[in-house]
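I set out to look up ring contacts in this structure, and then to check the surface for a nonpolar patch. My notes follow in the order in which I went through them.

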Amino acid sequence: MTRGPDQHTQALPWGAGDLEARAGMMSVCCVAQIYCCCGPASCGPCCPCCPCCPRIKVSTGTRLLYVLFHILACAVCCLVLSRTVVEAIKENVPFYTALCEHLPGGTSCNLLVGYSAVYRVCFGTACFYLGQAAFLINVKSSTSFRALLHNGFWFLKLLLLVGLWAAAFFIPDQHFIRAWHLVGVCGGFVFILVQLVLITAFAHTWNKNWLTGASKDKRWCLMVLLATLGFYAVAFVAYAFLYNFYTHPGGCALNKGLLALNGSLCLLMSFVSVTPCVRLRPSSSGPLQASIICCYLMYLTFSAFSSRPPEKVQYQGQNLTICFPSIGKDGMQRKDTTVAVLGAVVMYACVLFACNEASLLAEMFGPLWMIKVYSMEFQKPSCCFCCLDKMEAELADSPGSSVGHDESDHIVYSYSAFHFVFFLASLYVMMTLTNWFSYEGAELEATLTLGSWSTFWVKVVSGWACVLLYLWLLLAPLCLPDSHLPRHPAQRIIRRRRRRALHRVSVAV
């Protein structure tokens, strides 16, 4: 028998067809990413056609990219503030001297390094976020022109941010630094207030949500008890850690006094939260709420101790530098930047969390969210109470997309508030890096090893302000008899959830 021509054809190697499909998908991905970077298309940080990439919502991807912009700005600030990096730039950059001649600072070129450079980079970053905050005021639909600008054009935004950084270095240095320092101080304190409102609202909401369940099911009482004991255990361990590593028999009297004072404040908050006059009022007070604030106060105390300058004393015939957390094998305290770097990372993580959470609350409660957030009501308890926009069903997206369009009918967070809080965060980071009121001569290495009294007292006062805010929330219903009256159910947060319908959107690129 003779074989047909089709029988002589050899089979393609295994996986060849799959490779062709992947090549076509990658080309589509490249086009999609170009349209995302230079056009109004919303996208995530990775290729939307990559099967290995996790599915990501439009709102999450947008916020993540803005966070990356802010991280980039902070990294640039740390580099120009580092003495080691500055010396390497002066030695290895060939056009450094020529560039200095065209800047307002002259040949000394102090504008490109140190606190002046940090101020100018943060000025460009703050203008970047403040301009978008003003441009996106009262945006209610993700399909509007302003919303498309907010969710797309990422490469152009990066060029704009870098351009603002470069333009800031051409501002004359006569009165700019002093004026911008005053703006930074005011913005930094406002951002601290935002953080304090968020942590107290978090504790207030958690306590109220779980007490709602405890009134109906006794099992929630056990969860409240376990959570309360857990937070008090963390606070006690933190107190013992601070006393063991940040005090010394030969000195550190200020640390010992602050530990005693803040420990007494924790006992005071715990006592007031369970007093009959407070418990009888429907203020949703309880030891769980107090335990969370105690943990945050211990964190602020740790952050303050990590930021203070050391002490030099004579102890047992030796000259010692004390009040450092690092202890060697010989029992001596030595300088170490590990704890300072860890504290800085935790601090910046709290900054990013505050920016994201404030934008969600601003969209939910409006411009007065810092006041209305304490009036949130719940119909049933939940372990995910902090997810204010908790979905009741999973979003179904097309298989070829890793970007979920969760803003087809409404915006999940307030665009304007999101950028405005990032504007405040830029000022807060600027002041923290340059030691607040002692900014002249600030260096990154010195800040991590030697600390600053200005930063120390700012964090100490922040802890006391948090305690005062929490005590006001407990005692205000006693002074304002009408403030404890329950609100009409139509005013509850549930109405927001009912108005938000889920839409299934298929995305094709």
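Which residues do ring pairs link into a cluster? Working from a predicted model, I found that the cluster joined by ring pairs is made of Tyr66, Phe69, Phe128, Tyr129, Trp154, Tyr413, Tyr415, Phe418 and Phe422. I then looked at Trp154 for a charge, and noted that the charged end of Lys157 sits over the ring of Trp154, 4.3 Å from its centre.

Next I took the count of aromatic pairs, which comes to 33. I looked up the pair of Phe123 and Trp180, whose ring centres are 5.0 Å apart and whose planes stand at 80°, so I entered it as edge-to-face. Phe123 belongs to helix 5 (residues 114–135) and Trp180 to helix 8 (residues 176–214), so this pair ties together parts that are 57 residues apart in sequence. I also checked exposure: Phe123 is partly exposed at 22% relative accessibility, while Trp180 is buried at 8%.

I went on to Tyr428 and Trp436, where the ring centres lie 6.2 Å apart with the planes at 70°, so this pair is edge-to-face too, the angle being over 60 degrees. Are these two residues buried or exposed? Tyr428 is buried, with a relative accessible area of 8%, and Trp436 is likewise buried, with 1%.

Last, I turned to the surface, where Leu222, Leu225, Leu226 and Leu229 make a nonpolar patch of about 400 Å². I placed one of these residues, Leu229, in helix 9, which covers residues 218–245.

Definitions and conventions
Residues are numbered from 1 along each chain as its sequence is written. This is a predicted model: local features need pLDDT of at least 70, side-chain atom pairs count only at pLDDT 80 or more; totals for chains, interfaces and linings use all residues. Side-chain values use heavy atoms; hydrogens and water are left out. Patches are made of residues with over 30% relative accessible area and no salt bridge: like charges are joined within 9 Å, nonpolar side chains (Val, Leu, Ile, Met, Phe, Trp, Tyr) within 5 Å. Accessible areas come from the Shrake-Rupley method with a 1.4 Å probe; for residues, only the protein chains shown count as cover. A salt bridge is a side-chain nitrogen of Lys or Arg within 4 Å of a carboxyl oxygen of Asp or Glu. Helices (H or I, at least four residues) and strands (E, at least two) are DSSP runs, numbered from the N terminus. Rings of Phe, Tyr and Trp (its six-membered ring) pair if their centres lie within 6.5 Å; planes under 30 degrees apart count as stacked, over 60 as edge-to-face and the rest as tilted. Buried means under 20% relative accessible area, exposed over 50%, partly exposed in between (1.4 Å probe, protein chains only). A charge sits over a ring if NZ of Lys or CZ of Arg is within 6 Å of the ring centre and within 35 degrees of the ring normal.
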